[in-house]
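Reader: I am new to this structure. Please take me through it in short questions and answers.

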Amino acid sequence: MAVQEEQVQLPAEALPETSEEVPVLTVRDTVIFPGAMLPITVGRPASLALVQSLGENRTLAVVAQIDPRVDTPGPEDLYPIGTLCVLHKAIRVPKENLLLFCEGTSRIATREFTATEPFLKARVEKIPETEPEPTPEIEALRQNVVNLFQQIAAASPNLSDELAASAAHITEPGKLADWIAGTLPSLEAPERQKLLEQPDGKARLNEVHRHLTRELELLELRGRIQSQVQGQLSQSQREFYLREQLKAIQKELGEGDESQRDLDDLRQKLEAAGMPEEVKTEAQRELKRLSQMSMASPEYGVTRTYLEWMAALPWNATSGSQVDVKRAAEILDQDHYDLEKVKDRILDYLAVLQLRPVLKGPILCFVGPPGVGKTSLGKSVARALGRKFARISMGGMHDEAEIRGHRRTYIGALPGQIIQALRRAGTRDPVFMLDEVDKLGRDFRGDPASALLEVLDPEQNSTFRDNYLDVPFDLSKVLFITTANVLDPVPDALRDRMEIISLEGYTEQEKVMIAFRYLIPRQTQENGLNPENGIQFSDEAVRFIIRRYTREAGVRNLEREIGSICRKQARRIAQGSTAKMEVTPQLVETDLGAPRFRTDTEVADRTRRAGVAVGLAWTPVGGDILFIEAGRMPGGSRGLIMTGQLGPVMQESVQAALTWVRSGAEKYGIDPEVFKTSDIHIHVPAGAIPKDGPSAGITMAAALLSMLTERCIRPKLAMTGEITLTGQVLPVGGIKEKVLAAKRSGIVEVILPFENEVNVREDLKSEQIADVQIRYVKTMEEVVELALEPKG
């Protein structure tokens, strides 16, 4: 948009013959020579005040700043030599600036500053100029200067022919030097200031001659480079034009070519990487090969990438943090509730590390269902140690090269995920998490689990050799942590290298505590709620969500449901509601819909009829309860029928249970002819889910005996244990998960094998089983006595 210029009216011109005190106009990167007219743009408050203060006397001193970055210069920020000027006109331009047209009259020296506000004033003294006597030498110098200036004007698009003609008519050496210095665009402000401070005309002309000679050489050099590059171009080389031009410039300046600079940079990076001697020797050998290759060679890029990887790896860089066991314990308690066994093992390791810093890192394996905090626990360990945290997911990985890297036999090869993660971490001692090691794949490309054997062996990983690097890298300082949901898919050799730490799951009370400490604050913040218009969960509401909307060992789904309720409140606020929301079980059902899981009374309701028993099962996502139903039909032709997707081990448990029942039929008042004239059917509901394992043996036997004797199983009672043909009850695994699942489902009495008492004592806290009565048995006779109610 065009801005109309507004001319500022100044008083009529009146120059004093003598002036001791004049206002000082400070300028950046600008030098006015005597006899020159120059436009100056000013906008600083002091400069504007100076212009407005001028009366009839429009004389002022123009002095350049030493440092142009200073916004409010004082006397100490100015050069001592300036120019006495006359202001001819001032024009207002956009942004409240003024465009001043000043003509220089003479050189001056500032002797004393008399004022600094509202603008600078100083006493100045004119500097007398000396013009040399006309001699043949001076005339020859003047003609050389004019000739050089005319050549530069002819070659430069910024200088007109009229300027060259005007220079030829100036006869005084000093004035000619001033005129060219003010016209030549290549002169920097410090060089112009130096010429201004020189009163001798001959000396100024010599300095200008030197500048003109340098400028002409540069112009000729540019033309020569341009001609040289253009002569080498052809139609197929046009795309390399800029690169060739740059090479020609570097050659003329003696700076070498781009390839040499790259080699020098690589050499410096390799020297600073802190490599071991063996690795450094290999890197220098590859660097020497690289220096002998052509940049057009495909191998050049491969080798250069390899050396860049070598230089970027943390060969000797460590976190440098000191181990503080007390602080580490505080961090672990802040980030995670409960998990005392896991925290104790981590703190044990830190205590040993504090006493013996050269300790090799252990290989910890966190095993547990989803959502119990395995990955977040690894991050807390890193924070407690003051180390970087690196993580890679092993789920679905089926190529050995993902661990060991690719060999440098093709363009695009890269190191394995281990080396890549260490490069991203930037230290050689991070906390390194390998997530989901139980989900590793395997195919014709190799077995990643086998490749991990070297990585996770403290006796071998100090010389881990990636296929891409082909040099040893020390992984012994890395604290490796692996995670898995189940251990069965993990190969025995790999499992042998890890210390297993189980995270079985949380009780309802623990979930409530976790919800109030971590989940609810995090979800309210993520959904934009604050204390004024936010949301408040009651203890009953959280328990209602846990019991009726989630059935898990961890808290992932619990957090998801809490987030859904927070989003409902955010929507209410967005629609105009300002009231703080109190979350009750009724509101939970309104926001989340109908409950997804059975009530606590379902166990009692379903066991009111004979032939139904409640078993306990272990699953990868925690424990659960199973209803086992037994039925009898007239016939006898089909014998034993089993449905519910039972696995082979579970089918064998059914057959063993039936054998024990038949062998003791007379003892429990069962007519032996029933087995000949009836078909017996065992069914485990949730038939879409495969089931297997021996731990339902006693439950199968109890269900069969209940059906045949018409004696119901006691309500809210569950059991687990393996059965033998003689009625012995053998121990089973997953006791903690099973007991917690029973408690979640409202079970108040649990029957366990006698030999599993130690598991209850070590793995379960007293508050976890406070509302559950646990009975230990050795034989099926004890189970029958405890589980079956009297007939009728």
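**A first tour**

Reader: Is Ser-380 buried or exposed?
Author: This is a predicted model. Ser-380 sits in helix H13, residues 374-385. Beyond residues up to four places away in sequence, Ser-380 touches Ile-331, Leu-332, Asp-335 and His-336. Buried means under 20% relative accessible area. Ser-380 has 3% relative accessibility, so it counts as buried.

Reader: What is the relative accessible area of Ser-47?
Author: Ser-47 has its place in helix H1, residues 45-53. Leaving out residues up to four places away in sequence, Ser-47 touches Leu-25, Thr-26 and Val-42. Ser-47 is buried, and its relative accessible area is 5%.

Reader: How confident is the predictor, and over which residues is the pLDDT below 50?
Author: The protein chain averages a pLDDT of 84, and 92% of the residues score at least 70. One stretch falls below 50, yet it has 32 contacts in the model beyond near neighbours in sequence. That stretch is residues 1-18.

Reader: Which element supplies the largest share of the lining of the largest pocket?
Author: The largest pocket holds about 720 Å³ of space. Of the 34 residues that line it, the closest to its centre are Ala-617, Thr-619, Asp-624, Leu-626 and Lys-691. Strand S17 (612-619), strand S18 (622-634) and helix H26 (735-744) each supply at least two lining residues. The largest share is six residues, and it comes from S18.

Reader: How many residues of that pocket lining are charged?
Author: The lining of the largest pocket divides into three classes. Nonpolar residues number 18, and polar residues six. The charged ones number 10.

Reader: Which residues line the largest cavity?
Author: The count comes to one cavity of 30 Å³ or more. The largest cavity holds about 30 Å³ of space. Its lining divides into one nonpolar, one polar and four charged residues. The lining residues are Glu-508, Ile-546, Arg-547, Thr-550, Arg-551 and Arg-744.

Reader: Which elements do the buried residues of H19 pack against?
Author: Helix H19 spans residues 539-548. Its residues Ala-541, Val-542, Arg-543, Phe-544, Ile-545 and Ile-546 are buried. The buried residues of H19 pack against helix H18 (508-526), strand S15 (535-537), helix H20 (556-574), strand S16 (581-583) and helix H21 (585-592).

Reader: How many disulfides does the structure hold, and how far from Cys-85 is the nearest cysteine sulfur?
Author: A disulfide needs two cysteine sulfur atoms within 2.5 Å. The structure holds zero disulfides. Cys-85 is in no disulfide, and the nearest cysteine sulfur, that of Cys-102, is away by 5.6 Å.

Reader: Is Cys-566 buried or exposed?
Author: Buried means under 20% relative accessible area. Cys-566 has 0% relative accessibility, so it counts as buried.

Reader: Which residues does the cis peptide bond near strand S6 join?
Author: Pro-118 lies in the loop between strand S6 (97-115) and strand S7 (121-126). The bond has an omega of about -5 degrees. The cis peptide bond joins Glu-117 and Pro-118.

Reader: What is the phi of Glu-96?
Author: Glu-96 lies in the loop between strand S5 (81-93) and S6. Glu-96 is exposed, with a relative accessible area of 65%. Although Glu-96 is not a glycine, its phi is positive, at about 60 degrees.

Reader: Where does Gln-645 lie?
Author: Gln-645 is a residue other than glycine with a positive phi, near 55 degrees. Gln-645 counts as partly exposed, at 44% relative accessibility. Gln-645 lies in the loop between strand S19 (640-643) and helix H23 (648-663).

Definitions and conventions. Residues numbered from 1 in each chain as written. Predicted model: local features only at pLDDT ≥ 70, side-chain atom pairs only at ≥ 80, totals over all residues. Heavy atoms only, no water. 1 Å grid on protein atoms, 1.4 Å probe; cavity = no way out; pocket = protein on both sides within 12 Å on 5 of 7 lines; lining within 4 Å. Points joined across faces, edges and corners; volume = space filled by probe spheres on them. Helix = DSSP H or I, 4+ residues; strand = E, 2+ residues; numbered from the N terminus. Nonpolar A, V, L, I, M, F, W, Y, C, P; charged D, E, K, R; others polar. Buried < 20%, exposed > 50% of the residue type's maximum accessible area, 1.4 Å probe, protein only. pLDDT = per-residue confidence, 0-100. Contact = heavy atoms within 4.5 Å.
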